[in-house]
Amino acid sequence: MTTNQTPPSTCTAGANSWRVRHLLLLLAVAAVVFFAGLGRLPLLEPDEGRNAEVAREMLVSGDWVTPRLNTLTYLDKPVVYFWLVAAAFRLGGVTEWAARLPSALMALATLLLTWFLARRMFGDSAGLRAGIILATCPLVMAFARLVIFDMTLVFLVTVAMASFWLQQASDFRRPWLDVAIFASMGLATITKGPVGFLLPLLSILAYQALRRRFGELKRLRWGLGLAVFLAVTLPWFIPVCIQNPDFARYAFWQESLLRFATGSARRGGSVFYYVPVYLLGFFPWSFFLLLAGGNRLKRWKELGQETHKSFLFLLVWAGVIFIFFTISRSKLPAYFLPATVPLGILMAQAW
């Protein structure tokens, strides 16, 4: 008696074919949304012009340690993003297009990582939807085309969170994922300061605490991770402190702690500051996600254990970002940007 079953190799080939199509579609969307007309408009003041000028002076002076603006030391932000823009200037000339290229590339990399993570969590179709949602989110569309640090930070935070998710899924058996977690946090730290390691670390701690599996964190290779983190950050941090002895105090005390706790930057707002940022910056998906979220909560008990875990991970990831910057006395719409990745994946699954 014969059966008419499809060979496993045929199923695998079909799945790979769909993944290639999804990937090509997402690349086409990114080409239009992130890259088309990238250098058409002049740089916006003050942020774009200032950041591009710091990178230009870095390229001209050959000093890749201490950023400068109008030849004066400029230590308001760490150095990684300036390196990226200076490298783009070297490759493409000192143009608006080259200045904005790093942010567009980071947006593309974040989109592809979001697609990959959503696929691993919820399947191929959810990956495609997550990529499209992220690419059409107004907040992402805007910052992917600006000479600003935030898109690079989003990518690096996403690398850390995705690496942890994959590590726990592998039962903590892959040391290279520990390296990825701590290396990305290190790069994020020398991109935009302590927030680079605080956002992923707090998210991971809160997620494990809510699952009542805090002890699992002992299985992370913390010694290896700390060595990797220091190997990434210290080669720049030590020389910049030698050249600028007040840098450590200025960076950690004035630019980080005082801004967070006292609002010295004069960018305050109420506890509801990020509600309109979410509604408008994640539009139209913000409204759909609220409706879908209510429906999912009613059916929470019907969901499988793995789906529960995925939802909780994404909710905690987005929630920590929302709470952290709501508590902060310094608020800007860009600070909400890292939350668009978990929210995009949640919306993709709820679609």
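This report covers the nonpolar cores, one helix pair and one loop residue of a predicted model.

## Basis

The model is predicted: local features need pLDDT of at least 70, side-chain atom pairs count only at pLDDT 80 or more, and totals for chains, interfaces and linings use all residues. Residues are numbered from 1 along each chain as its sequence is written, and side-chain values use heavy atoms, with hydrogens and water left out.

## Nonpolar cores

The largest nonpolar core (buried Ala, Val, Leu, Ile, Met, Phe, Trp, Tyr and Cys residues joined through side-chain atoms within 4.5 Å; buried means under 20% relative accessible area, exposed over 50%, partly exposed in between, with a 1.4 Å probe and protein chains only) has 85 residues. Phe34, Phe164, Phe313, Trp317, Leu343 and Ile345 touch the most other members. Helix H7 (residues 150-169) gives the most to this core, 13 residues; helices are DSSP runs of H or I, at least four residues, numbered from the N terminus.

A second, separate core has 26 residues, among them Val54, Met58, Val79 and Ala86.

## Helices H8 and H9

The axes of H8 (residues 175-192) and H9 (residues 195-210) come within 6 Å and cross at roughly 135 degrees. Axes are lines fitted to C-alpha atoms over the stretch in contact, and angles run from 0 to 180 degrees between N-to-C directions.

Contact (heavy atoms within 4.5 Å) involves Met185, Ala188, Thr189 and Lys192 of H8 and Val195, Gly196, Phe197, Pro200 and Leu201 of H9.

## Leu43

Leu43 lies in the loop between helix H1 (8-35) and helix H2 (47-61). Leu43 is partly exposed, with a relative accessible area of 24%. Its C-alpha atom is separated by 9.5 Å from that of Thr95, 52 residues apart along the chain.

Definitions and conventions: Helix = DSSP H or I, 4+ residues; strand = E, 2+ residues; numbered from the N terminus.
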